[in-house]
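This report looks at the interior of one chain and at one of its sheets. The sequence and the structure are shown here for reference.

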Amino acid sequence: MSRAKQPLACMGRLSGPLIALWLCGCGGGALHRATEQRHEYPAGAVQMRWRTVIHAYSASEAQPEECATGAFVGSRIILGSRAGKVVAVDRATGHLNWSVPIVGGVEDEARFDPARGQVYLGSDDGVFYAIDPQDGKVRWSYQGKGSIARRLEIGPTLVYFATTLNRVVALDAASGTLRWSYDRETPEGFSIHGHAGPRLGGDLLYAGFDDGYLVALGAEKGELRWSRSLAGASDQFVDVDSTPVLHAGLVVAASYSGGLYGLHANDGELVWRIGVEGVVGLHAGATRLYAASAREGLAAVTMQGRIEWRQGLPDAGDLTSPQEAGPYLIFTGSRSGLFVMDRSSGQLLLVYDPGRGMCAAPLIDVEQREIYVLANSGTLYALSLIW
């Protein structure tokens, strides 16, 4: 779907070794602020520590994209690239410890499995890898169908992922052997680019599909426990492309045109629904939900399904799921870089774009107050958070 470009209100590009905190006074459409506690932010709330080129794009490549997010493994970050390689980066210095080639480019989030000491990630060629984080050697791989571009899930014995061909796959985490798969038919006509990742909750695995359905599968055997259409009254662009989230007995998921739903996690019964269209990312925070929409920007939603505030982000591009870090809410826009907001009010505090935007979700260590994010330019940035 295309939209006419509009100026990105109250934004600017910040550069240099010190990124000054930028307080934006426009408000951006926040609905509720008067009763929220106001924070006093330090003048240097975000500071760049180092940057390392993972893959150098030439100036002739007009719109490069690097959408992969890394995984913490001790003092290293294990990260994939669309250049068809996986690298290990030292967190303190940005030094590349090793780099190994793989089949296909990577644009999903790597996950570390501490029980087995291996990192999982998938490629756009449908290959799923288990990699030794010490030297980058592939322990095992599985050739699937359809590209893998969303966050995977790790269970006690199985690892789960979804593909662009409306398939959910469960593999034995130790060997990579297929345990089960679940498929839904791809609907006729057009669908929105992207797909949802699976979400594990107890003995159920939740997954969304292009036909507008959210399903709950048995985590061990993949049998269908329940399914619910999130299409609402819509008959087009009903895709469930955002990975569902779980909170207090609810599973929250969204259809692109059907809105945002809160359902009983055990049986799929409807608890509430609100009309936030174009949702591409969800996050369950400490006290509220956050929904990132390609159409409507960012919305904060109570656990009872009431919108607290909205922040319009015209021309920001595709948004990643927001993440809480201290008083901040942090996410990226594919055309506009890294965003920092006040998580209580939605006040836009900072936009950092070193050039070409960021479609990769930031990797955040809240305890150490560190951000690592791969820009579309192919450069990995390490930033410090101050509050």
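## The largest nonpolar core

In this predicted model, the largest nonpolar core is made up of 28 residues, and those with the most contacts inside it are L79, V86, L121 and L380. Two or more residues each are given to this core by β3 (71-73), β4 (76-81), β5 (85-90), β6 (96-101), β8 (118-122), β9 (127-131), β32 (370-374) and β33 (379-385). Of these elements, β5 supplies the largest share, with four residues. In soluble globular proteins, nonpolar side chains tend to be buried together.

## L380 and a second core

Leaving aside neighbours within four places in sequence, L380 is in contact with L79 and V89, with Y372, V373 and L374, and also with W50, R51, T52 and I54. A second core, separate from the one described above, has 19 residues, and among them are V46, M48, Y381 and L383.

## An open antiparallel sheet

Four strands, in the order β11-β12-β13-β14, form an open sheet whose pairing is antiparallel. At its edges lie β11 (153-154) and β14 (178-183), each of which pairs on one side only. The antiparallel pairing of β14 with β13 (residues 167-172) runs over five bridges, and in β14 it is S181 that serves as the bridge partner of V169.

## Confidence

The pLDDT averages 87 over the chain, and 86% of the residues score at least 70. Residues 1-37 call for separate reading: pLDDT stays under 50 over this stretch, for which the model nevertheless has 88 contacts beyond four places in sequence.

Technical notes
Residues numbered from 1 in each chain as written. Predicted model: local features only at pLDDT ≥ 70, side-chain atom pairs only at ≥ 80, totals over all residues. Heavy atoms only, no water. pLDDT = per-residue confidence, 0-100. Contact = heavy atoms within 4.5 Å. Core = buried A, V, L, I, M, F, W, Y, C linked by side-chain atoms within 4.5 Å. Buried < 20%, exposed > 50% of the residue type's maximum accessible area, 1.4 Å probe, protein only. Pairing = 2+ DSSP bridges.
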